[in-house]
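Thank you all for coming. I would like to walk through one structure this morning, slowly enough that anyone who has not seen it before can follow along on the screen.

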Amino acid sequence: MIRKVFMLAFCIALIGPSAYALSYDVIVAGGGTGGTAAAIQASRMGASVLIVEPSGMLGGQATAAGVSTMDDMSGIESGIYREFMDRVRNYYASKRKSISTCYWKTYGKAFEPSTGHEILSAMAESVDILYHSSIDSLNDRTAAITTPEGTKNISYKILIDATEYGDILPLAGAEYRAGNSILPGELKDTMIQDITWTAVIRRYPSGIPEHLKPSAPLPGYDKAKKNYEGYVARRGYDFQGRYPVKMPVNFATHNAYRAVPDSYSRGSYTGAQSDWKRITKTGVNWGNDYPGMYLWHGRYGLPVAYLESRDLRAEIEREALMKTLHFIYYMQNELGESWSVDENEYNDLPEAAKDLPEEWQEIAKHMPPIPYVRESRRVIGSWTLNSKSIRENSMSYRSGSRNNEFTDSIAIGGYNLDLHGGDDDDDIESDLGENQKSIWGDTPKGPFQVPMRILIPRSADNLIAAEKNLSMSRLASGALRLQPITMMTGQAAGALAALSVSLDIQPRDVKAVYVQKALADSGVRLSLCRYSDVPERSQYFGSVEIATLYRLIEPRVYPDIPASNINSDKKKGRNRGRFGINDSVSGKEFAAMTEKAEEITGEKLTLPEHEGRLTRGEAVDIIVNAMCSTSRHKND
């Protein structure tokens, strides 16, 4: 299949140099999890969209960075993320293989990076894509884009920063946070999270091909060997279902942690312990954080200058790649395993490997093209999400608490406040009310919402943040940086961009309810409150979700606990309330709902005429649709 970038280049060659100055409604910088979802959503809402992606793959951390085992504690799938995972399931079902291969569980979710890329490419069929390209400067809503064919100046109406590092924020003149610093301003000498250059490895039962078995280690191997001996050993321990994990583990346990399905093997396997020795493909993402236990000048984490200095970034990423290549040698020579990099994944030498010995370049070209970057620059919005807000939000419908929901919710996630380094008090943002104790004290108890306001810069126009670049604290970022939630927040960024374009207004002026209606219509879950009488297949599901967020009418019965959990406890009770979807609504109740909706929108609603009594489902559907009518706001 000819990729879109080559088709676009072919068209440019035919039309001539003037075709370089293309124009799009939306340019998405970065085709990662968030950027691809943003592009798909905006395109489906009628916007013309271009993705500018530095690597040759869509999917970012989930594909190009090799983290294709989904970090999904809550198990909540909705919108584009659910569509993507359904396609993943169908692909492997056609091969009679399970996707529940990882994390020592039988209900995990995993796929091969190449498969993830192909599925996302099919989903993004109406989006133009420039691979191996980056935005280098911005001027008057025109982006100067460096591509393999040269520089192209392409205009846009809305720009979405979905890069892995938040690289567009400084170019756009936005205020942002980098580590514990606020920029523009002084860059403090503080730390951020480790990166990891992962690998996808597979078993070669007939012996490792000679070109995938290096004859000599790379410089620095002795240090790496000592590091890996603490993680994986020939006579290491089995994982026994308890945390913390007893170390070092054996090789089978290591492989079962990040195992992925193998399209090229005959059999299938799951994460069950009885299957561990049958696993033929896995990810290397354990013990190879960089700097990890190496430390950076005696400190845990990376210097924040990693985000700001391209030279330092290149130096660090080369060392991160080397650390994982050391594991390949350790695995083959110290553990005696017939495994190496998977020749069916990737085939493009990373820039960080260009000066390696030739025999190592043969291996490195099957490494992921980019590292797994856990922490990026974060835009400063009118409001910043912190760990305390996440915790309080996650307590909705739990322990007597009814509704701590974000009215402008655009996504639901579920993960801990997970930092890999950079977790000393000096590294954490005290101005946002956080310290080291917040990591455990503010851990969310259940799923939590993401509010739309953290996608929008307070000081830059025509710009929306996605991926890991939202207005949030470092601790909040630790819970929002995972693949499922970045895909969901990315979808919201795409909906916001499309509406901003169609209404010809700034993103900050788009009413949240408009975005929520577009998302609900696309199958996105918005509310933490589940109702037994309003299943997702109900025609009123989206309207009831929005009515719940804005408290247009009280449900008949609230739940006692959330319908899914990320940190199990002993709390018992109803995980679903009852809305009363088929109960009648009196004229007085309907008038009260209408009045509240008009207070929320600040406008007089135009409601269709109706005869007789309405059910609660019919009533909220009428009012929510009236709230979400955008036609009267379009500029002629």
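I will take the pockets to begin with, then some strands, then one helix, and I will finish with two individual residues.

Please keep in mind throughout that what you see is a predicted model, and that the values I quote are computed from it.

Let me begin with the empty space. The largest pocket holds about 1800 Å³ of space, and 48 residues line this pocket, the closest to its centre being Y243, Y257, Y415, D418 and H420. If you sort that lining by residue type, you find 22 nonpolar, 15 polar and 11 charged residues.

The second largest pocket contains about 1000 Å³. Its lining is made of 36 residues, and those closest to the centre are P54, Y165, E317, E351 and I370. By type, the lining of this second largest pocket divides into 15 nonpolar, 9 polar and 12 charged residues. Which elements supply at least two residues each to that lining? They include strand β2, residues 49-53, strand β4, residues 134-138, and helix α9, residues 310-333, and among the contributors α9 gives the most, with 5 residues.

Since β4 has just come up, let us follow the chain onward from there. Strand β4 is joined to β5, residues 142-147, by 4 bridges, and the two run antiparallel; as one example of how they line up, S137 has A144 in β5 as its bridge partner. Together β4 and β5 make a hairpin with 3 residues between the strands, and in that turn D140 has a positive phi of about 55°.

Strand β5 then goes on to pair with β6, residues 150-161, again in the antiparallel sense, and here the pairing extends over 6 bridges. Within that pairing A143 is found opposite I154 of β6, and this hairpin, formed by β5 and β6, has 2 residues between its strands.

Elsewhere in the chain there is an open sheet of 3 strands, in the order β14-β10-β17, with antiparallel pairing. The strands at its edges are β14, residues 289-290, and β17, residues 372-373, each of which pairs on one side only. Between β10, residues 195-196, and β14 there are 2 bridges, and in this part of the sheet T196 is placed opposite D289 of β14.

A little further along we come to β11, residues 199-203, and here I would ask you to look at its surroundings. Why can we call this strand largely enclosed by the rest of the structure? The reason is that 4 of its 5 residues are buried. Strand β11 also has two antiparallel partners to point out: 4 bridges join it to β13, residues 281-284, while 3 bridges join it to β16, residues 339-341. In the pairing with β13, R202 is matched with K281, and in the pairing with β16, R203 is matched with W339.

Now to the helix, which is α18, residues 616-627. With 12 residues at 1.5 Å a residue, α18 should span 16 Å, and because its end C-alpha atoms are indeed 16 Å apart, the expected and computed lengths agree. Helix α18 is mostly covered, with 9 of its 12 residues buried, among them R616, G617, A619 and V620. The cover over those buried residues includes α15 (512-521), α16 (541-549) and α17 (587-601), together with the strands β22 (584-585) and β23 (614-615).

That leaves the two residues I promised. E53 is part of strand β2, and is E53 buried or exposed? It counts as buried, because its relative accessibility is 6%, which is under the 20% limit used for that word. Setting aside neighbours within four places in sequence, E53 is in contact with G30, G31 and G32, and also with L130, Y131, H132 and S133.

T384, by contrast, belongs to a loop, the one between β18 (378-379) and α11 (387-394). This residue is buried as well, with a relative accessible area of 17%. Beyond its neighbours within four places in sequence, T384 is in contact with L432, S471, M472 and S473. Of these, S473 is 89 residues away along the chain, and yet the C-alpha atoms of T384 and S473 are separated by 6.9 Å.

That is where I will stop, and I am happy to go back to any part of the model on the screen.

Methods. Residues numbered from 1 in each chain as written. Predicted model: local features only at pLDDT ≥ 70, side-chain atom pairs only at ≥ 80, totals over all residues. Heavy atoms only, no water. 1 Å grid on protein atoms, 1.4 Å probe; cavity = no way out; pocket = protein on both sides within 12 Å on 5 of 7 lines; lining within 4 Å. Points joined across faces, edges and corners; volume = space filled by probe spheres on them. Nonpolar A, V, L, I, M, F, W, Y, C, P; charged D, E, K, R; others polar. Expected span 1.5 Å × (residues − 1). Buried < 20%, exposed > 50% of the residue type's maximum accessible area, 1.4 Å probe, protein only. Contact = heavy atoms within 4.5 Å. Pairing = 2+ DSSP bridges.
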